[in-house]
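Let's take a friendly walk through this protein, from the overall fold down to single side chains. Keep the viewer open as you read.

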Amino acid sequence: FFSEARARLEDPDPTAMAKTRRKKRRTHLDQNAGREAPGGKGDIPRSFVMKRGKMSELVKELTEDVRHVMEPHTAKNLKESKTNKLKDFVQVAGPLGVSHFIILSATENSKYVKIAKTPRGPTLTFKVNKYTLAREVAAAQRNPRAPPNAFLSPPLVVLNNFGDAPHQKLATITFQNLFPAINVRKVKLSTCQRAVLVDYDKESNKFQFRHYSINALPTGTNRHLKKLLTKNKVPDLGRLTDIGEFFEVGANSGAMSEFSDSEGEDAVNARVELAQDYNRLSRANTTSRVKLQEIGPRMEMELVKVEEGMCEGRVLYHAYVDKTEDEVKELETRAVDKEALRKRRREEQERNVAKKAKEKAEKEKIEEEMAALGARKRKRDKKKEKEKDAKIARKGGKGLDGGKGKKSPSARPGKSKRIKGRAQSK
């Protein structure tokens with residue numbers, strides 16, 4: 001046994017000595033591959049989607065749908081309460097790397113969406129004229145499609161018909177910076193699962209917001225074969241005598257389908273040659289048809305106001321209010337005076353706080369000195385009392401023992417009275 005073991009140690013056999021270890025393979029994809037921060041600097045943009053105001057419950061479902069649109073770089077389970085202030089969210093936004101706030105609110109007349117850049121603005125306020133929830137969009141479709149894997153990567157952003165006006169350019173930059181930019185050379189096609197479309201109509205001055213899922217289907221293949229591959233379900237072949245009949249049935253209705261039900265004649269223009277593998281059906285170097293299917297929500301919005309700061313500050317644009325140059329200068333002067341007054345009050349408050357702290361420290365010092373003085377005085381008094389008691393004890397002890405000095409009057413009670421009585425009798 002020992003000789004065999006020594007021989008194995010001198011000339012080891014890898015197949016005989018070591019156990020075969022399971023090789024680890026990455027089963028997940030890097031969802032952020034090819035995604036960069038806008039401008040190529042900083043972190044990937046992240047957002048908080050929240051509802052605010054007294055009537056915020058009216059936009060609760062819309063808030064959840066917008067959070068789905070902003071996934072995965074958003075706080076999906078964000079819990080906000082009525083006691084939370086906007087400053088509370090701004091304070092935690094920095095450590096968490098949150099770059100944008102999307103605030104939904106409601107009034108008796110309309111709903112509003114605010115998109116704010118942290119921490120110093122600007123803030124764009126949109127009025128929501130019409131909206132449709134994601135569940136309503138899915139209910140109107142015959143075969144709704146919203147796969148969970150599509151929400152593991154951020155959507156593509158498509159902006160259309162935006163103008164050259166200053167507020168239009170600001171809206172363009174804001175929508176672009178909500179999502180990570182795409183590096184065409186590094187991006188993986190398999191991560192491009194969703195798209196967000198924002199279209200501007202110049203005539204009505206409205207923004208149309210849409211949210212789609214992207215799918216690529218191979219062209220030139222049998223429709224029944226595609227259904228068999230895409231659906232994890234065994235078809236009903238009970239009425240057929242041969243498997244070949246399954247692919248022959250419905251040949252006149254489009255076994256070699258040229259168009260899809262939703263795209264019509266535009267299906268030919270939607271055909272592309274894939275450079276990478278998109279899914280298990282659409283492989284690289286094959287011709288596939290790109291298909292968009294709406295997920296929701298959809299909104300019709302109008303840009304109402306642009307503010308310089310974080311939900312406050314100078315108004316840069318207003319859709320309904322126009323001010324003259326004098327009014328603008330007056331407002332700016334008023335804002336400067338207000339800021340100077342706030343700064344002066346803040347400095348005065350800081351001086352008062354410092355003064356009160358100094359007075360408190362002096363008062364505590366005086367109290368400590370008085371307490372120390374009182375303790376020393378009590379100690380001296382206690383010492384004097386002890387010395388006095390000891391002196392009295394020493395004097396009282398000598399009189400009782402018959403020592404020198406006057407005898408205690410209590411030693412022989414009644415003696416002075418007897419002497420006095422004898423003198424009177426004489």
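What percentage of the 426 residues in the protein chain do buried residues make up? The answer is 29%. Please keep in mind that this is a predicted model.

## The chain as a whole

The protein chain has 10 helices and 13 strands. About 31100 Å² of the chain is exposed, and carbon and sulfur atoms supply 52% of that area. Contacts between residues at least 6 apart in sequence can also be sorted by their separation: 66% of them join residues at least 24 apart.

## A buried methionine and its surroundings

A good place to zoom in is M50, which sits in strand β2 (residues 47–51). Its relative accessibility is 0%, so M50 counts as buried. Which residues does M50 touch, leaving aside its neighbours within four places in sequence? The contacts are T63, R67, L78, E80, F89, F101, I102, I103 and L104. Take L78 as an example: 28 residues separate M50 and L78 in sequence, while their C-alpha atoms are 7.6 Å apart in space.

Two of the contacts of M50, R67 and E80, turn up again in the next section.

## Salt bridges

How many salt bridges does the structure hold? There are 11. Three of these pairs are set out here, each with its N to O distance.

| Pair | N to O distance |
|---|---|
| E61 and R135 | 2.8 Å |
| E64 and R67 | 3.5 Å |
| E339 and R342 | 2.4 Å |

The salt bridge between E61 and R135 links distant parts of the chain, with E61 in helix α3 (residues 60–70) and R135 in helix α5 (residues 134–139), 74 residues apart. E61 itself is partly exposed, at a relative accessible area of 42%.

The pair E64 and R67 is a local one within helix α3: the two are three residues apart, so about one helical turn separates them. Are these two partners buried or exposed? E64 is partly exposed, with a relative accessible area of 35%, whereas R67 is buried, with a relative accessible area of 5%. Buried here means under 20% relative accessible area, which is why R67, at 5%, belongs in that class. The pair is also part of a wider arrangement, since a network of salt bridges links K51, E64, R67 and E80.

E339 and R342 both lie in helix α9, three residues apart, or about one turn of the helix. Both side chains are partly exposed: E339 has 41% relative accessibility and R342 has 44%.

## Patches on the surface

Helix α9 (residues 325–400) also holds E364. On the surface, E364, E367, E368 and E369 gather in a patch of negative charge. E364 is partly exposed, with a relative accessible area of 40%.

A patch of another kind is formed by V272, V290 and L292, which are nonpolar and together have about 210 Å² of accessible area. V272 belongs to strand β10 (residues 271–273). At 35% relative accessibility, V272 counts as partly exposed.

## Backbone details in the loops

Some backbone details deserve a look too. Where are the cis peptide bonds? One joins G121 and P122, with omega at about 10°, and another joins G296 and P297, with omega at about 5°. P122 lies in the loop between β4 (111–117) and β5 (123–132), while P297 lies in the loop between β11 (287–294) and β12 (298–307).

Two asparagines have a positive phi although neither is a glycine. For N161, phi is near 65°. This residue, N161, is found in the loop between β6 (156–160) and α6 (166–177), and N161 is partly exposed, with a relative accessible area of 43%. For N205, phi is about 60°. The place of N205 is the loop between β8 (194–201) and β9 (206–218), where N205 is partly exposed, with a relative accessible area of 25%.

How values were computed: Residues are numbered from 1 along each chain as its sequence is written. This is a predicted model: local features need pLDDT of at least 70, side-chain atom pairs count only at pLDDT 80 or more; totals for chains, interfaces and linings use all residues. Side-chain values use heavy atoms; hydrogens and water are left out. Patches are made of residues with over 30% relative accessible area and no salt bridge: like charges are joined within 9 Å, nonpolar side chains (Val, Leu, Ile, Met, Phe, Trp, Tyr) within 5 Å. Accessible areas come from the Shrake-Rupley method with a 1.4 Å probe; for residues, only the protein chains shown count as cover. A salt bridge is a side-chain nitrogen of Lys or Arg within 4 Å of a carboxyl oxygen of Asp or Glu. Lys and Arg count as positive and Asp and Glu as negative; His and the chain ends are not counted. The place of a charge is taken as NZ of Lys, CZ of Arg, CG of Asp or CD of Glu. Helices (H or I, at least four residues) and strands (E, at least two) are DSSP runs, numbered from the N terminus. Buried means under 20% relative accessible area, exposed over 50%, partly exposed in between (1.4 Å probe, protein chains only). Contact means heavy atoms within 4.5 Å.
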